[in-house]
Amino acid sequence: MGTVTALRRYPVKSMVGEALTSVAVTERGLCGDRVSAVLDDAGTVGSAKHPRKWGPLLRCRSRLTSTDTVVVELPDGIVLSAGDPDLDARLSNLLGRHVFLSATPREHGGALERAVPEYEGGVPDAVRSTATTDATGAAITSGQVAPGTFFDYGTVHLVTTTALARLRATYPTGDFAPRRFRPNLVVDTPDGPGFPEDSWIHSRLRIGEALFRAVVPTPRCVIPTLAQEELPPDPGIMRAVAREHRIPVFDLGRLSCVGVYLDVLEGTVNRSALARSWW
């Protein structure tokens, strides 16, 4: 058993999102989550996983209005709605090249770039060997978002307070605020082992009125180490994860993971809803 202590969505990929008290879910995930992304002229999907190229997106905040319009607050406090030409111009100025906000994902998935971290377990070894150096001087690997979406892979991301407490115990000076890991759901599991979500894979989770299936542990990239809102940058965060929790993911080898990806089966989630799992 556990309790949902935080519920968040991110209307624009790689921007700060919004806290919720209740949200409907569909097969596509939480309604309003990652419904838009910033793209460049090559069709690359903006992701802070490549911080040198897209990191400034984490200084922006996105939310949905009551009419489901995406609204973006820029670092200087200017607030503009999707579709406003001034928003694209200001995002382009922020990133130093022409970009635009899009709500139309590609059917076969858009290009996605990831910086290669120095610590082991940040990317599969086979993928690390394919890394190239781009114009920013960063070693990157290239892939795609999930077809027809702006998600990297799973539609809903959950982390537990127990996992974060375990990591905090190994790196006491690190700030393991859940927001660093950009989850949709934070579940308080006070009586669980260090990483209770590891045992949930392939099981069903009932959270409030919603039903999910746990699919795969969530491999972590560089984003938790970056500055977000008032949280400072801290490269030690992911080094702690790499030391403490590298586990098998599909056939990709042992990767540094925090949390679990979920598929949606049905329902609505409320903050403070009880969560339970069964096989």
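Reader: Is Phe 250 buried or exposed?

Author: Good place to start! Since this is a predicted model, every value here is computed. A residue is called exposed when its relative accessible area is over 50%. Phe 250 counts as exposed because its relative accessibility is 55%. You will find Phe 250 in the loop between β17 (246–248) and β18.

Reader: Which residues make a nonpolar surface patch with Phe 250?

Author: Tyr 153 and Leu 252 join Phe 250 in a nonpolar surface patch of about 320 Å². Tyr 153 sits in the loop between β12 (139–144) and β13 (156–160). With a relative accessibility of 43%, Tyr 153 is classed as partly exposed.

Reader: What should I look for in the backbone of Phe 250?

Author: Look at phi. Most residues other than glycine have a negative phi. Phe 250, though not a glycine, has a positive phi of about 50 degrees. Arg 182 is another case, with phi near 50 degrees. Its place is the loop between α4 (161–170) and β14 (185–188). Arg 182 is buried, because its relative accessible area is 7%, and the cut-off for buried is under 20%.

Reader: Now the pockets, please. What is the volume of the largest pocket?

Author: The general idea first: rolling a probe the size of a water molecule over the atoms shows where empty space is left. Here the largest pocket has a volume of about 850 Å³. It is lined by 41 residues, and the closest to its centre are Lys 49, Arg 114, Asp 152, Pro 219 and Tyr 261. Four elements, β10 (111–115), β12, β16 (210–219) and β18 (254–266), each give two or more residues to that lining. β12 gives the most, with four residues. By class, the lining of the largest pocket holds 20 nonpolar, 13 polar and eight charged residues.

Reader: And which residues are closest to the centre of the second largest pocket?

Author: The second largest pocket has a volume of about 370 Å³. Of its 14 lining residues, Ala 115, Val 116, Pro 117, Glu 118 and Val 222 are the closest to the centre. Sorted by class, this lining has nine nonpolar, two polar and three charged residues.

Reader: How many salt bridges are there?

Author: To count one, find a side-chain nitrogen of Lys or Arg within 4 Å of a carboxyl oxygen of Asp or Glu. By this rule there are 13 salt bridges. One of them joins the side chains of Asp 40 and Lys 53, at 3.8 Å from N to O. Asp 40 belongs to strand β5 (residues 37–40) and Lys 53 to helix α1 (residues 51–54), 13 residues apart. Both partners, Asp 40 and Lys 53, are buried.

Reader: Which residues are joined into one network by salt bridges that share partners?

Author: Let's build it pair by pair. Glu 229 and Arg 61 meet in a salt bridge of 2.9 Å, N to O. Glu 229 lies in the loop between β16 and α5 (236–244) and Arg 61 in strand β6 (residues 61–64), 168 residues apart. Glu 229 is partly exposed, at 36% relative accessibility, and Arg 61 is partly exposed too, at 34%.

Glu 230 forms a salt bridge with Arg 179, where the closest N and O atoms are 2.7 Å apart. Glu 230 is in the loop between β16 and α5, and Arg 179 is in the loop between α4 and β14, so this pair ties together parts 51 residues apart in sequence. Shared partners join Arg 61, Arg 179, Glu 229 and Glu 230 into one network of salt bridges.

Definitions and conventions:
Residues are numbered from 1 along each chain as its sequence is written. This is a predicted model: local features need pLDDT of at least 70, side-chain atom pairs count only at pLDDT 80 or more; totals for chains, interfaces and linings use all residues. Side-chain values use heavy atoms; hydrogens and water are left out. Patches are made of residues with over 30% relative accessible area and no salt bridge: like charges are joined within 9 Å, nonpolar side chains (Val, Leu, Ile, Met, Phe, Trp, Tyr) within 5 Å. Accessible areas come from the Shrake-Rupley method with a 1.4 Å probe; for residues, only the protein chains shown count as cover. Buried means under 20% relative accessible area, exposed over 50%, partly exposed in between (1.4 Å probe, protein chains only). On a 1 Å grid over the protein atoms alone, a cavity is a set of points where a 1.4 Å probe fits but cannot get out, and a pocket is an open set with protein on both sides within 12 Å along at least five of seven lines; lining residues have an atom within 4 Å of a point. Grid points are joined across faces, edges and corners, and a volume is the space filled by probe spheres set on the points. Ala, Val, Leu, Ile, Met, Phe, Trp, Tyr, Cys and Pro count as nonpolar, Asp, Glu, Lys and Arg as charged, and the others, Gly among them, as polar.
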